[in-house]
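Me: Please take me through the terms used for this structure. For each one, I should like to see the value set against its definition.

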Amino acid sequence: MAERKGTDQYRLAEELLTLRCGETDASCLRSGFGIKLRMQRVTELFRMAMYPHIFSTEPIPAEALPGFVAEKLQQGTELLRDLSETAYRVNGDPCPETAAATAVETFLASLPEVMRLLQTDIDAAYLGDPAAKGRLEIMLAYPAFEAISIFRLAHALLQAGVPLLPRIMTEYAHQRTGIDIHPGARIGERFFIDHGTGVVIGETCVIGNGVKLYQGVTLGAKSFQLDDEGNPVKGIKRHPDIGDRVVIYAGATILGGDTHIGEDSVIGGNVWLTHSVPPGSKVYNTLSTRM
């Protein structure tokens with residue numbers, strides 16, 4: 001009986017192996033396993049380097065802080081360079097080692113700007129939420145900081161030219177917070193998402209300074225354009241632009257690459273919007289309820 005059971009499992013294993021995506025599997029076999037979990041580790045190493053008092057798992061004396069940060073930067077850099085080579089190799093780059101080295105250096109140079117932007121986001125959360133008792137609470141307990149801190153790192157990595165890995169980073173944030181921000185989105189200073197669950201921000205979305213979103217907001221695309229072979233057209237503007245100091249309340253859906261929300265506008269809860277509105281607009285859901 002034991003022999004037959006083993007044989008059945010072996011046959012099932014062979015069947016499962018034949019169903020895998022051969023091209024993707026070959027790339028992984030050449031480049032190494034565990035890219036998803038290792039990229040999560042990279043994310044945490046760089047967040048520990050930026051905010052050791054928030055993301056480290058051990059007490060750090062003040063005199064040891066520079067050494068701790070330098071160590072995390074070194075560990076993150078080495079692992080990121082290795083994973084970037086994998087990503088470039090999977091993407092078909094002819095010189096993945098050179099491409100990875102250049103991109104990682106560009107990414108590292110962007111870290112001070114990432115931290116500057118995150119400080120404005122922390123300030124926006126503190127000033128934009130009466131329930132916030134302090135900035136430390138925001139960094140420790142707010143899903144917005146969790147998601148935005150990962151997004152800003154992922155966006156910087158995407159800007160440096162690294163394929164695949166930025167999307168893994170923001171999906172990691174999505175899993176942890178329920179906030180789904182594509183790394184390609186462009187988001188200005190003082191960005192705050194209150195509560196956060198269910199927020200979706202698409203790849204080509206452009207968000208100005210001082211924007212505030214509530215839970216369940218979708219900044220998405222209309223129906224996809226298809227090419228002559230029926231495949232979605234890539235690389236076109238599909239998601240809306242949100243002007244400075246716009247507030248978008250819970251459950252609102254704003255769609256389309258040609259949709260622009262003018263600065264200082266307020267979009268009410270559960271609004272469905274597929275056209276532009278001028279600066280200073282107030283758009284509310286006016287559907288009445290029959291008794």
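Reply: The questions below go through one helix and three single residues.

Reply: The model is predicted, with local features needing pLDDT of at least 70, side-chain atom pairs counting only at pLDDT 80 or more, and totals for chains, interfaces and linings using all residues. Residues are numbered from 1 along each chain as its sequence is written, and side-chain values use heavy atoms, with hydrogens and water left out.

Me: What makes the span of helix 3 close to the expected one?
Reply: Helices (H or I, at least four residues) and strands (E, at least two) are DSSP runs numbered from the N terminus. Helix 3 covers residues 35-50, 16 residues. The expected span is 1.5 Å times one less than the number of residues, here 22 Å, and the first and last C-alpha atoms of helix 3 lie 23 Å apart.

Me: Why is helix 3 called largely enclosed?
Reply: Buried means under 20% relative accessible area, exposed over 50%, and partly exposed in between (1.4 Å probe, protein chains only). Of the 16 residues of helix 3, 12 are buried, so the rest of the structure largely encloses this helix. Among the buried residues are Ile 35, Val 42, Phe 46 and Met 50. Their cover includes helix 5 (65-90), helix 6 (96-128) and helix 9 (165-177).

Me: Why are helix 3 and helix 9 called roughly perpendicular?
Reply: Axes are lines fitted to C-alpha atoms, for helices over the stretch in contact, and angles run from 0 to 180 degrees between N-to-C directions. Angles under 35 degrees count as roughly parallel, over 145 as roughly antiparallel, 65 to 115 as roughly perpendicular and the rest as oblique. The two axes come within 9 Å and cross at roughly 80°; helix 3 and helix 9 are therefore roughly perpendicular.

Me: How do you know that Leu 273 is buried?
Reply: Leu 273, in strand 13 (residues 272-273), has a relative accessible area of 2%, and is therefore buried. Beyond its neighbours within four places in sequence, Leu 273 is in contact (heavy atoms within 4.5 Å) with residues including Ile 254, Leu 255 and Val 283.

Me: What makes Arg 245 and Asp 264 partly exposed?
Reply: Arg 245 has a relative accessible area of 39% and therefore counts as partly exposed. For Asp 264 the relative accessibility is 36%, so Asp 264 is partly exposed. Arg 245 lies in the loop between strand 8 (241-242) and strand 9 (247-248), and has a positive phi of about 60° although it is not a glycine. Asp 264 sits in the loop between strand 11 (260-261) and strand 12 (266-267); its phi is positive, about 65°, although it is not a glycine.
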